[in-house]
Amino acid sequence: MKRAVWAVLGVGGVGKTTYIYRLLGLSLRPRVTLRPGIYRYYYGDYEMDVIDVPGQLAREVAVNFSRMWSFYVDLMVYMYDVTDPPSLHAIADIHSALMDRGVKPFKRCILVGNKRDLAESVGTLVEGDEIARAVNADKIYYLSALKDPPSDLIKPIIENL
Ligand SMILES: Nc1nc2c(ncn2[C@@H]2O[C@H](COP(=O)(O)OP(=O)(O)OP(=O)(O)O)[C@@H](O)[C@H]2O)c(=O)[nH]1
Ligand SMILES: [Mg+2]
């Protein structure tokens, strides 16, 4: 069995917990995350630990991550809301707050634009290319944590471990 640890970081309300719950097959609709969460998830021959970080603002999220996890993660999933430009710019702030601490706390990172279903009904999708470059993300994905099947939601993770 292969082991992997990954974390989802983004400002409040972008859909981090929804994403994790849908992968785990939980049908609950999450409330605001107030405590750190670490979930064990099995997929194929992987045993994964998934880290859900509380906090509403960029710096708060970065500090909470560093407090709850003092090791590397294999993959950092930076998540924003494709209908909310400030949530994308906050990714650059979260990233620099992590880098300020001296050591890069992950091996790889990807950028995920969530709530694609909402962007489709609103008619505009905030694209993340520029921020992806700024934080050296390997790839960008657009998805709907709420609507996409778990078999699609896991792809960004598997492709980057
Ligand atoms: N339409 C739509 N709504 C979503 C999607 N993902 C999450 N939401 C909604 O966005 C709200 C916030 O989702 P959460 O998963 O709690 O967000 P979070 O990033 O964990 O938020 P905090 O715990 O406050 O940091 C909830 O009402 C979700 O139902 C999505 O893909 N599409
Ligand atoms: Mg949450």
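This passage looks at the nonpolar core, the helix α3 and the surroundings of ligand 1. The model is predicted, so local features need pLDDT of at least 70 and side-chain atom pairs count only at pLDDT 80 or more, while totals for chains, interfaces and linings use all residues. Residues are numbered from 1 along each chain as its sequence is written, with chains lettered from A and ligands numbered from 1 in the order in which they are written.

The largest nonpolar core (buried Ala, Val, Leu, Ile, Met, Phe, Trp, Tyr and Cys residues joined through C-beta atoms within 7 Å) has 41 residues, and A7, L9, V77, Y78, M79 and I94 touch the most other members. Buried here means 20 or more other C-beta atoms within 10 Å of a residue's own, exposed 12 or fewer, and partly exposed in between, with C-beta atoms placed from the backbone. With seven residues, β4 gives the most to this core; helices (H or I, at least four residues) and strands (E, at least two) are DSSP runs, numbered from the N terminus.

Turning to α3, its buried residues are S87, L88, A90, I91, I94, H95 and L98. Seen down the helix axis, they fall within an arc of 150° (taken from the directions from the axis to the C-beta atoms), so they line one face of α3. The face turned away from that side carries the exposed P85 and P86.

Ligand 1 is surrounded by 19 residues (C-beta atom, placed from the backbone, within 6 Å of it), the closest being G15, T17, T18, T33 and L146. The largest share of this shell, three residues, comes from α1.
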